[in-house]
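User: Here is a model I would like to question term by term. Tell me what each label rests on.

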Amino acid sequence: RSRRRSSGSSSSSSIAEETLAVVKAEVFHGASEWEVVHDGPMNVRKGKDLGSEVVSVKLPGTFVPGQRDGDWIALFNEPGFMRIAFQGRTFLRPRSVTYSMLSRGACADLRMFPIFDTGTCQKAGFSLGYFDTGIGIYSGENARPEGCYIFQGQLWLATNPVHAGRGAMGPRTQICSTGFYPTTTTTTTSTVTTITHTTTTTVTSTTATTITKTTTTTSTTSTTWGFPSLFCVEVVRTHGYELPMVKAQQRVHASIFSCEEYRVFSDGGQEQVIGIGPGGEEIRTIVIPPIKKQMGDLKDKGVTTNSWLNTETFLQVWNLLDKRDGRWIHHDWVIKVDPDAVFFPDRLRKKLRGHTSDGSNLFVMNCDKYKPVALYGSLEIFSKKALHNYLHGQWDCRRNLPWKGWGEDFFMSHCMQHLNVKPLYDFSLIGDKRCHYAPCSDTSKIVYHDYKNLNDWMRCWNTSRINAR
């Protein structure tokens, strides 16, 4: 039976009025967690000796709880030892985390992360005064807190993906950590046995043959992505409401931060830190030249927008994405979203699934309010091949299209058609005040635009999520 220390007083924290989390004051600081930074699988040995028996293997990027013991760590939740460094090579890197126990709200409300593995769950529970030697595993679909939680004094781990985003509920208190724990790694282990013949000759001319069996365990790591996979982009102004809004989106894994991969671009001449990524790394922006503060006038010949005439600046984003990042090439679609757009990538995947193939050469026209139909820039969707064709043909568009005075979205739609990229017409995607408005409770929409106040943005996001359940 678990034993529990007496708890202290409760304290509360909130990001918006709709989200309130109460944290028990008793938390543990400086928990001993270690990240495997070796460039290959790392052995867990039975004893503190490099010649000791290998009992298991940990993959690069894995976080393991353990207590330092000289040049080794003793694993907390399983038998075995791991070497920290050897001959100038570092295998394990310590990280300091704080565990918290929530009686209301979810980890994301406090900019913290759920815990998904039994070892860390047990370590966190131990640190908070729950000394269970075993952890219950709940794989069902009845509502449970995401990841590690406590119920009736016992530690549990909810493993079903349907619990994503769920926090404490009733008597079930959620355990959270300031450190992120990856959940998209799958491991395949194979065993290969080889036989080596060794011949030994003694002084008596007797020859003995020894057969040695060597067992090698190899592990491979793959990343599990949704289908189709999305690479998502936001462009943010550093002065004003956009930067705080994008940081808040990242903290709750909303908008582009629930795409498979993403990149944020910013103006202002200096990189901005958006938050902490899935691997524990800082998410930094790619800097583009200052956004021009010039308004278009529809009375001028050739001008198609009275919004910011920042076409030249925005077009640089696609080239920077290709040259400075390049990960988009590994995905099925590339999506550009406005920071003040409430965006749901999971819904978009379902819409695009039937149009996804290796040869898809498509971009999406999303507004039919006016004639001709248009691409509205709150949500821009390009297949991988379409963006490839644009990057190689953009200068043909600049030379041959009368694009001065056009908005970026207007230019992109006309350039795509000029380059024989086929339009895909779907006018059900956006609830945009400039096209067809839709309330956030209308869960058929992929994007709701525009919400320039953070509380309004979060309220719309929460409303749509709740109505989609």
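Analyst: Let me start in a loop. His253 sits between helix 2 (242-251) and strand 20 (261-266). The model is predicted.

User: Why is His253 called partly exposed?

Analyst: Its relative accessible area is 31%. Buried means under 20% and exposed means over 50%. His253 falls in between, so partly exposed is the label.

User: What is notable about the phi of His253?

Analyst: Phi of His253 is near 55 degrees, a positive value in a residue other than glycine. Most residues other than glycine have a negative phi.

User: Where is Gln87, and why is Gln87 called exposed?

Analyst: Gln87 is in the loop between strand 9 (85-86) and strand 10 (89-90). Its relative accessible area is 68%. The cut-off for exposed is over 50%, so the label holds. Phi of Gln87 is also positive, near 50 degrees.

User: Which residue takes a positive phi in the hairpin of strand 14 and strand 15?

Analyst: Gln152, with phi near 55 degrees. This hairpin has two residues between its strands.

User: What makes strand 14 and strand 15 a pair?

Analyst: Five bridges join strand 14 (residues 147-151) to strand 15, in the antiparallel sense. At least two bridges are needed, so the two strands pair. Gly147 stands opposite Ala158 in strand 15.

User: How does strand 13 pair with strand 15, parallel or antiparallel?

Analyst: Parallel. Strand 13 (residues 136-138) and strand 15 (residues 154-158) share three bridges. Tyr138 stands opposite Ala158 here.

User: Which strands are the edges of the sheet with the order 25-30-29, and why?

Analyst: Strand 25 (342-343) and strand 29 (430-432). Each has a single partner strand, so one side of each lacks a neighbour in the sheet. The sheet is open, with mixed pairing. Strand 25 pairs with strand 30 (residues 447-449) in the antiparallel sense, over two bridges. In that pair, Phe343 stands opposite Val447.

User: Where are the cis peptide bonds that you can point to?

Analyst: One joins Lys371 and Pro372, with omega about 0 degrees. Pro372 lies in the loop between strand 26 and strand 27. Another joins His449 and Asp450, again with omega about 0 degrees. Asp450 is in the loop between strand 30 and helix 7. Most peptide bonds are trans.

User: How do you know that Asp450 and Lys452 form a salt bridge?

Analyst: Their side chains meet at 3.3 Å, N to O. The limit is within 4 Å, so the pair qualifies.

User: Which of the two is buried, and which is partly exposed?

Analyst: Asp450 has 10% relative accessibility. Buried means under 20%, so Asp450 is buried. Lys452 has 39% and is partly exposed.

User: What makes Arg459 and Asp456 a salt bridge within one helix?

Analyst: The N to O distance is 3.1 Å, and the limit is within 4 Å. Both residues lie in helix 7 (residues 454-468), three residues apart, about one turn of the helix. Arg459 is partly exposed at 34%. Asp456, at 35%, is partly exposed too. Elsewhere, salt bridges with shared partners join Asp340, Lys433, Arg434, Asp450 and Lys452 into one network.

User: What does the salt bridge of Lys336 and Glu380 link?

Analyst: Distant parts of the chain: Lys336 is in strand 24 (residues 333-337), Glu380 in strand 27 (residues 379-383), 44 residues apart. The closest N and O atoms are 3.4 Å apart. Lys336 and Glu380 are both buried. By the same rule, the count comes to 18 salt bridges.

User: Which residues touch the most other members of the largest nonpolar core?

Analyst: Phe265, Trp318, Leu321, Tyr390 and Phe411, out of 32 residues. Helix 3 gives the largest share, six residues.

User: Why is Thr313 called buried?

Analyst: Thr313, found in helix 3, has 3% relative accessibility. That is under 20%, so Thr313 counts as buried.

User: What lines the largest cavity?

Analyst: Lys351, Leu352, His355, Val364, Leu424, Asp426 and Leu429. They divide into four nonpolar, one polar and two charged. The volume is about 40 Å³.

Note on methods:
Residues numbered from 1 in each chain as written. Predicted model: local features only at pLDDT ≥ 70, side-chain atom pairs only at ≥ 80, totals over all residues. Heavy atoms only, no water. 1 Å grid on protein atoms, 1.4 Å probe; cavity = no way out; pocket = protein on both sides within 12 Å on 5 of 7 lines; lining within 4 Å. Points joined across faces, edges and corners; volume = space filled by probe spheres on them. Nonpolar A, V, L, I, M, F, W, Y, C, P; charged D, E, K, R; others polar. Helix = DSSP H or I, 4+ residues; strand = E, 2+ residues; numbered from the N terminus. Buried < 20%, exposed > 50% of the residue type's maximum accessible area, 1.4 Å probe, protein only. Core = buried A, V, L, I, M, F, W, Y, C linked by side-chain atoms within 4.5 Å.
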